[in-house]
Amino acid sequence: MRMQTDDEQFLQRHADKLSALSVLLLPWYAQNKRDLPWRATRDPYCIFISEIMLQQTRVGAVIGYYNRFTELFPTVRALAQADDDTLLKAWEGLGYYSRARNAKRAAIAVCTDYGGQFPDTAEQLATLPGIGAYTAGAVASIAFDRRCAAVDGNVLRILARVLERKTPDTPAYRKALTNALSAVYPAERCGDFTQSFMDLGSAICLPTRPLCALCPLQSVCDAYAHNTADTLPVRKQKTARKQENLTVFVLRHKNRVAVRKRPDSGLLAGLWELPNVLGHLSPDQALSAVSGYATSLNGSFTVRQCKHVFTHIQWNMLVYDFAADEECDSFTWIHTQKNTAGALPTAFSKCL
Ligand code: SF4
């Protein structure tokens, strides 16, 4: 027989608390659940899209995108056949564009491997491109009422407090928690149970200053009993975000600016970008670099600084803004107000 890991033993010791969660959370959820467009359907495609959009993004920012996206691509087949520029344009401003590409790849896999029907278990869902354990658990529990936990930051935070766990979470702990929580999922209310954690995490058990007085889990919460909620969860020490200096060129002609496509792999792969080079150039160096683009300039320019923070890297951008006398062929020229050429990522649109 396999020995239990320390994480499994920890969760086993708290089995009674885990078992009590659904009894306490479901009545609260029935009274307090948020009215969200993807909660009006059990269509796994719509739930899948909402979950992909909600990764790293606030609910309030997602609602409009979700409505427009599901109108533009109403079925998994429509997404599988989506033109890449239209897809990225629909995602423009939401960030983390690899999510859109992976959603399309998953849609293609659903159409080719499953006849256009989403598989209904977390195990099969997790084999689709871009779907991790959390999204697989969320879609399986919400769309198919499967007893599969969806462990994200909300669940980790709430349970770190309820169980007063004083150790930072690890992938192994997350997996052990997914198994332990799946075992206490209530039959026929799986989707509600998953979503009750989402709503409790966003309204009550907040990252800072949790509203314990209003919390349905107060009676089983060790952090509440010992007044330690503000110190939990214990975080791993963060590694410093990499800093990268860029010089970005805004080449304007009338209401249009020059853009080009980024490489097909790496950060912001395949998206449009403003011309740029690594490092911070002096005005003389910038003028010399821009003359290499064969754009006829009228001499004047402005310079400013901009920064953009990605998950693991920060761009510190020195932006030179030139007026061009004509539109040279080496770039695509897009309208600055109505960007019809496709998705210009926020990192660059903020330079305009
Ligand atoms: Fe979070 Fe407080 Fe509720 Fe405990 S009682 S789960 S710390 S809000």
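In this predicted model, the side chain of glutamate 273 makes a polar contact of 3.0 Å with the side chain of asparagine 276. A second polar contact, of 2.6 Å, links the side chain of glutamate 273 to that of arginine 262. Glutamate 273 belongs to strand β3, which covers residues 272-273. With a relative accessible area of 6%, glutamate 273 is buried, the cut-off being 20%. Beyond the residues up to four places away in sequence, glutamate 273 touches Ala258, Val259, Arg260, Arg262, Leu344 and Phe348. Arginine 262 thus appears both in this list of contacts and as a polar partner of the glutamate 273 side chain.

Another buried polar residue is found in helix α12 (residues 190-203), where threonine 194 lies. The relative accessible area of threonine 194 is 3%, so this residue counts as buried. Its side chain is joined to the side chain of tyrosine 185 by a polar contact of 2.6 Å. Once neighbours within four places in sequence are set aside, the contacts of threonine 194 are Ala138, Ser141, Ile142, Cys148, Ala150 and Tyr185.

Helix α1 offers a view of two faces. Its buried residues are Asp7, Glu8, Phe10 and Leu11. These residues lie on the same side of α1, because the arc they cover around the axis is only 160 degrees. Asp6, Gln12 and Arg13 are exposed, and they sit on the face turned away from the buried side. The partners against which the buried residues of α1 pack are α2 (15-32) and α11.

The aromatic rings come next. A pair of aromatic rings is described by the distance of the centres and the angle of the planes. The model holds 12 aromatic pairs. One of them is formed by phenylalanine 10 and tyrosine 173, in an edge-to-face arrangement with 6.4 Å from centre to centre and 65 degrees between the planes. Phenylalanine 10 is in helix α1 (residues 6-13) and tyrosine 173 in helix α11 (residues 171-182), so this pair ties together parts that are 163 residues apart in sequence. Both phenylalanine 10 and tyrosine 173 are buried. A further pair, tyrosine 320 with phenylalanine 322, is stacked, with 6.4 Å between the centres and 20 degrees between the planes. Tyrosine 320 counts as buried at 2% relative accessibility, and phenylalanine 322 is buried with a relative accessible area of 2%.

Arginine 165 brings a charge to the rings of phenylalanine 10 and tyrosine 173. The charged end of arginine 165 sits over the tyrosine 173 ring, 3.6 Å from its centre. Arginine 165 also lies over the face of phenylalanine 10, at 5.0 Å from the ring centre.

Helix α4 completes the picture. Its 14 residues, 59-72, should span 20 Å at 1.5 Å a residue, and the end C-alpha atoms are indeed 20 Å apart, which agrees. Val62, Tyr65, Tyr66, Phe69 and Thr70 are the buried residues of α4. Among the elements that cover these buried residues are α3 (44-54), α5 (76-80) and α6 (84-91). Phe69 also takes part in a ring cluster, in which ring pairs link Phe69, Phe73 and Trp91.

Terms used:
Residues numbered from 1 in each chain as written. Predicted model: local features only at pLDDT ≥ 70, side-chain atom pairs only at ≥ 80, totals over all residues. Heavy atoms only, no water. Helix = DSSP H or I, 4+ residues; strand = E, 2+ residues; numbered from the N terminus. Expected span 1.5 Å × (residues − 1). Buried < 20%, exposed > 50% of the residue type's maximum accessible area, 1.4 Å probe, protein only. Contact = heavy atoms within 4.5 Å. Phe/Tyr/Trp six-rings, centres within 6.5 Å; stacked < 30°, edge-to-face > 60°. Lys NZ or Arg CZ within 6 Å of the ring centre and 35° of its normal. Polar contact = N/O pair within 3.5 Å; in protein donor to acceptor, adjacent residues only side chain to side chain. Arc of directions from axis to C-beta.
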